[in-house]
Amino acid sequence: MADDPLSKNEDRIPKPRLLDRIRRFFLGIDAFVDTALWKTGTALRRIIEGYDAYLRRFRAKGIWRGLSELASDGLTFGLIGFVVVLAFAQPAFEATRYSDWKTTDDFAVTFLDRFGKEIGRRGIVLNDSVPLEEIPDSLVKATLATEDRRFFYHFGIDFVGTFRAMVENARAGGVVQGGSTLTQQLAKNLFLTNERSLSRKIKEAYLALWLEANLSKQEILKLYLDRAYMGGGVFGVTAAAEFYFNKNVREMTLAESAMLAGLYKAPTKFAPHINLPAARARANEVLTNMVQAELLTEGQVIGARRNPALAVDRSQEQLPEYFLDWALDEVKKLARRNPALAKDRIVTVRTTLDPALQRQADLAVETILRENGKLRDANSAALVSMVPDGAVVAMVGGRSYGESQFNRAVNALRQPGSSFKPFVYITAFMNGYGPDSIVSDRPVWIGNWSPKNYTRSYRGPVSLKLALTKSINTIPVRLSIDFGREKIIETAYAMGLTHELENSISLPIGSSEVSVIDMAASYATFANGGYKAPAYAILEVKNSDGKVLYRREQDEPDRIRVLPEDKVFEMNDILVNVVEAGTARRARIDGVVAAGKTGTTNAYRDAWFVGYTGNFSTAVWFGNDDFTSTRRVTGGSLPAMTWQKYMAFAHNGIELVNMPGVAAENLPRLARAQTTTLAESTATSSQPRVLKRRTQRLLLQIGEDLRQLVAQEATRADNTTVPSSNDYAAAQ
């Protein structure tokens with residue numbers, strides 16, 4: 001059958017392909033989107049045109065237009081700024097999450113010396129100690145008139161008061177009034193530090209708002225009265241009344257209230273036990289403030305003006321303020337790992353402090369500074385002394401606690417200079433070297449840096465003993481190149497340094513900063529034969545009921561050996577030679593084997609002497625707080641002189657402990673007979689400073705027996721019936 005021509009033509013017509021159908025589909029979608037966007041844009045344009053036509057009725061002209069735009073922009077940027085500063089303030093709000101934020105880290109601590117005698121108090125009186133209604137009205141009014149007159153009218157931030165303070169400060173050309181409200185000051189006391197920064201002010205403002213929202217005005221005022229620092233190491237008006245006037249706060253007079261209220265601004269400057277005239281002048285200003293605030297009349301304050309308060313004379317007490325500050329920090333650290341102590345915050349702490357040694361330490365530092373400070377351009381010093389196990393017996397954190405509470409013995413970081421070299425040499429001894437090993441004293445280069453000796457000369461091949469005795473700089477650098485600075489840092493940390501050491505090329509000659517207390521603790525490792533001796537202040541802690549919460553001899557682990565005994569003997573022999581024939585001859589003590597090392601930094605900014613005997617390890621630093629240079633003060637001068645003055649007293653009338661690895665009879669300057677004669681001639685002392693271990697054990701046993709006897713008598717009394725009148729007569 002012939003083919004149909006029509007069917008052939010149909011086969012030749014192309015059918016729509018799949019690709020064409022897909023294209024048409026997407027073209028349809030595109031058309032739909034375009035149409036929708038066009039219609040939407042048209043609708044929005046009509047809405048905007050209508051809104052614009054509506055606003056034309058309210059169009060501002062001239063100055064009103066500028067003011068309206070300025071207000072609009074101000075509102076916009078204000079909202080943005082609010083969100084930004086709120087983000088900065090978020091970390092501060094974390095502290096408010098604790099349910100006990102009112103008492104977090106707050107202790108009321110009574111400190112005793114190592115013999116059980118009270119030496120001072122620290123901490124904050126808790127907010128329920130004295131109710132607000134029992135605090136004198138004169139003290140409350142003096143506080144409000146001085147710190148925040150509009151306290152009951154603002155919501156935590158007083159814009160009126162801030163503007164007034166700005167105006168007064170501008171008129172005076174300086175800061176004469178503060179803009180912080182009482183609530184802001186409380187927020188700082190509760191959650192923040194005294195750091196002067198914008199971020200802290202932001203946090204302070206938001207926390208003030210938070211406090212106002214969560215506490216009543218009376219609660220805020222009560223917390224402020226209990227938390228404000230009042231100088232003399234006391235917090236709160238209750239403790240301040242007892243400290244300054246030996247009075248219960250309920251008995252305060254108007255003159256005394258005015259003097260206490262004057263302490264809020266500058267508690268150290270206006271503390272009456274330090275500067276009574278300044279305290280009285282400040283109290284007179286407070287009385288004026290009360291009159292200006294219309295809380296009292298001039299007639300009511302005239303008596304207080306004519307008869308100002310008289311504070312208790314504490315000038316002769318010489319409280320160990322720096323030690324107490326540090327001991328309080330140690331109590332807080334102990335509480336973090338002792339649940340019982342963390343719960344009971346009213347405690348009595350027996351410390352390691354020896355009051356006789358503390359007085360001598362203060363005297364030695366002040367005497368040397370008074371005699372040589374101005375001449376040698378040195379105005380600051382610090383001292384820490386401890387027994388070889390780490391118990392701190394004396395601490396001088398500065399020349400005057402009244403002028404500066406900054407503890408230079410604990411918190412200051414200064415370059416140790418050559419007093420760091422023993423860490424290098426003991427590391428060398430543990431890596432194949434010995435005291436008689438010979439190393440060449442000649443120029444050594446690390447890149448573009450080359451250490452110079454103090455004498456600007458070189459000795460050639462020398463033994464390590466001679467190199468450390470003469471404090472040669474090139475030798476420790478050569479040693480560090482041999483076995484690496486990392487090993488030196490590891491040894492220093494093991495011996496007791498706690499702050500981070502910078503691994504720099506000048507590390508071996510003392511360029512990395514350390515603290516005085518760490519240096520004393522590290523050298524104590526040499527004094528005790530190689531055991532780590534971390535500094536500590538607490539022997540025993542009891543709660544308000546007399547229950548022992550902590551006793552060091554029971555609750556602390558055994559000592560850890562960190563240095564080989566034979567290497568310690570070698571190091572002690574060299575450091576004794578430093579005192580006998582080296583750079584520290586001014587530190588010699590008659591009849592006592594002493595060892596140590598001097599240290600002096602570039603431009604004479606820091607001068608050290610860290611030394612020890614079998615009984616004590618003591619570190620002394622001299623310099624200036626502003627890091628300016630002294631007039632050629634070296635470690636062998638003022639520090640060594642201070643060390644000798646203190647340590648000679650400390651060894652008077654006590655049993656001398658042998659220096660590990662060093663025999664006194666082998667030293668030319670010392671003979672056994674001389675040592676015996678000295679000990680016998682000074683056998684009497686007004687107060688024992690270091691008890692013999694046998695005596696300590698005996699006293700502790702007597703105390704334990706007495707406690708058991710009291711407990712037995714109490715139990716017997718509970719089990720005994722009430723006696724009759726005849727029994728009482730028979731007892732009489």
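Today I will talk about one enclosed helix and a few salt bridges in this structure, which is a predicted model.

Let me begin with helix H10, which runs over residues 254-261. Eight of its eight residues are buried, so the helix is largely enclosed by the rest of the structure. If you follow along in the sequence, the buried residues are Leu254, Ala255, Glu256, Ser257, Ala258, Met259, Leu260 and Ala261. What do they pack against? Their partners are helix H4 (137-147), helix H9 (237-245), helix H11 (276-292) and helix H12 (298-306).

Helix H4 brings me to the salt bridges, of which a search of the whole structure finds 20. One of them joins the side chains of Lys141 and Asp137, with 3.0 Å from N to O. These two residues are four apart in helix H4, so about one helical turn separates them. In general, an α-helix has 3.6 residues a turn, so residues three or four places apart point the same way. Lys141 counts as partly exposed because its relative accessibility is 23%, and Asp137, at 49%, also counts as partly exposed.

Other salt bridges reach across the sequence. Asp606 pairs with Arg414, and their closest N and O atoms are 2.7 Å apart. Because Asp606 lies in strand S11 (residues 606-612) and Arg414 in the loop between strand S5 (392-396) and helix H16 (421-429), this pair ties together parts that are 192 residues apart in sequence. Are these two residues buried or exposed? Both Asp606 and Arg414 are buried.

Finally, there is a network, in which salt bridges that share partners join Arg122, Glu321 and Asp325.

Definitions and conventions: Residues are numbered from 1 along each chain as its sequence is written. This is a predicted model: local features need pLDDT of at least 70, side-chain atom pairs count only at pLDDT 80 or more; totals for chains, interfaces and linings use all residues. Side-chain values use heavy atoms; hydrogens and water are left out. Buried means under 20% relative accessible area, exposed over 50%, partly exposed in between (1.4 Å probe, protein chains only). Contact means heavy atoms within 4.5 Å. A salt bridge is a side-chain nitrogen of Lys or Arg within 4 Å of a carboxyl oxygen of Asp or Glu.
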